[in-house]
Amino acid sequence: MSTEVRTVDNKDANVQRAERHETVVLSPAVDILETEKDVLLLADMPGVNEKNVDIDLHGNSLTIKGHRDSPVPAGMELIRTEYQPDYRYERQFTMGDTIDREKITAVMKDGVLRLTLPKVKELAPRRIEVKAC
Amino acid sequence: MLWRRMRQSPWNPWGDLWNLHDEFNRAFGAYPWQNLSGEFPAVNVYESDKALELSMKLPGVKAKDLDISVNQDTLTLKGTRELDEAPKGAQYLRQERGEGSFVRSFALPFPVNTADVAAHYADCILTVRLPKAESAQPRKISIKAG
């Protein structure tokens, strides 16, 4: 059996980048769904827990952010990498006027952020009665 | 990137072009969220004298839908991702999150203590710790005075 002798020089470029702890900003994949009463936004943010997620509302813009605690296991060395271990998520959305900003709620569970954006009451479907004159 | 080029794959006339495309995207960060390998799930491998640790991102996958098996030299991960959060009657305005099943196997470079393999799953990050078998651990060799 041959032995691979590893030195610092022949380390994979990605491993070297990971070792410099450069934080990359990733855009989370999202699903946006609409029901009669609200708009639902689901974002995948693996590695982010409820303490590390931030949601900013600024006028019409909604920004979701999430970061992760240091990922390197103690006493171990990274030998191969397919994703940068130091990353954070950020993505911005523009909301329409139909969203009731005061009532937006967010739940972060099992790496998925779930935002419920209720529609303004007046715009919820309403039946208009026609009166006989 | 080197290891990817060394992988066996069927010949593809557009292969070089795609490689170039991938390298460009990687270099200029066009799609930094994509796996560098294109495999799912993306894995980071850590090593110490005593163990190997795999760290994988499994967006949206629930613990109950994961199946990990290990034998002397192979670790196999199977899983399904179901998007069942959608309320009844909801309409998709945008869908970026995928659904389906996956399988990925890892050939282990040394024998492991299968009984002591431990897996931990939190916030869609799977960590599998594989303790090296005694025979694979570094051994101190004492030098006897002649």
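Which residue in β7(A) is the bridge partner of A:Gly66? The partner is A:Tyr89, and that pair is a good place to start looking around. Please keep in mind that this is a predicted model, in which local features need pLDDT of at least 70, side-chain atom pairs count only at pLDDT 80 or more, and totals for chains, interfaces and linings use all residues. Residues are numbered from 1 along each chain as its sequence is written, while chains are lettered from A and ligands numbered from 1 in the order in which they are written.

**How confident is the model?**

- The model has an ipTM of 0.77 and a pTM of 0.74.
- Chain B has an average pLDDT (the predictor's confidence in each residue, from 0 to 100) of 79, and 74% of its residues score at least 70.
- Two stretches of chain B call for care: pLDDT stays under 50 over residues 1-8, which have 3 contacts beyond four places in sequence, and also over residues 29-34, which have 6 such contacts.
- Where pLDDT is low, the predicted coordinates should not be read in detail.

**The sheet in chain A**

- Strands here are DSSP runs of E with at least two residues, helices are runs of H or I with at least four, and both are numbered from the N terminus.
- In chain A, 4 strands make an open sheet in the order β1-β7-β5-β4, with mixed pairing; two strands pair if DSSP finds at least two bridges between them.
- β1 (24-26) and β4 (53-58) of chain A are the edge strands, each with a single partner strand, so one side of each has no neighbour in the sheet.
- From one strand to the next, the twist averages 20°, using axes that are lines fitted to C-alpha atoms (for helices, over the stretch in contact) and angles that run from 0 to 180 degrees between N-to-C directions.
- Inside this sheet, β5 (residues 61-67) and β7 (residues 87-94) of chain A run antiparallel and are joined by 7 bridges.

**Where the two chains meet**

- 36 residues of chain A are in contact with 36 residues of chain B, where contact means that the C-beta atoms, placed from the backbone, lie within 7 Å.
- On the chain A side, α1 (13-19), β1, β2 (30-34), β3 (38-44), β6 and β9 (112-118) each supply at least two residues.
- That side of chain A has 19 nonpolar, 8 polar and 9 charged residues; Ala, Val, Leu, Ile, Met, Phe, Trp, Tyr, Cys and Pro count as nonpolar, Asp, Glu, Lys and Arg as charged, and the others, Gly among them, as polar.
- Strands also pair across the chains: β6 (residues 77-81) of chain A is antiparallel to β1 (residues 43-47) of chain B, over 4 bridges.
- In that pairing, A:Glu77 stands opposite B:Glu47.
- B:Glu47 also stands opposite B:Leu52 in β2(B).
- β1(B) and β2(B) (residues 51-57) run antiparallel with 5 bridges between them, and they form a hairpin with 3 residues in between.
- Another cross-chain pairing joins β2(A) to β5 (residues 91-95) of chain B, again antiparallel and with 4 bridges; here A:Asp31 stands opposite B:Gln95.

**Nonpolar cores**

- A nonpolar core is a set of buried Ala, Val, Leu, Ile, Met, Phe, Trp, Tyr and Cys residues joined through C-beta atoms within 7 Å.
- The largest has 17 residues, and B:Met56, B:Leu58, B:Leu126, B:Val128 and B:Leu130 have the most contacts inside it.
- β2, β4 (74-81) and β8 (125-131) of chain B each supply at least two residues of this core.
- Beyond its neighbours within four places in sequence, B:Leu58 is in contact with A:Pro46, B:Pro41, B:Gly79, B:Cys124 and B:Leu126.
- A second, separate core has 16 residues, among them A:Val39, A:Tyr87, A:Met108 and A:Leu115.

**A closer look at B:Asp67**

- B:Asp67 lies in strand β3 (residues 66-70) of chain B.
- B:Asp67 is exposed, with 11 other C-beta atoms within 10 Å; a residue is exposed at 12 or fewer, buried at 20 or more and partly exposed in between, with C-beta atoms placed from the backbone.
- β3(B) pairs with β4(B) in the antiparallel sense over 5 bridges, and B:Asp67 stands opposite B:Lys78 there.
- Apart from its neighbours within four places in sequence, B:Asp67 is in contact with B:Lys78 and B:Gly79.
- The strands β3-β4-β6 of chain B form, in that order, an open sheet of 3 strands with antiparallel pairing.
- β3 and β6 (100-107) of chain B stand at its edges, each with a single partner strand, so one side of each is left without a neighbour in the sheet.
- In this sheet the twist averages 10° from one strand to the next.
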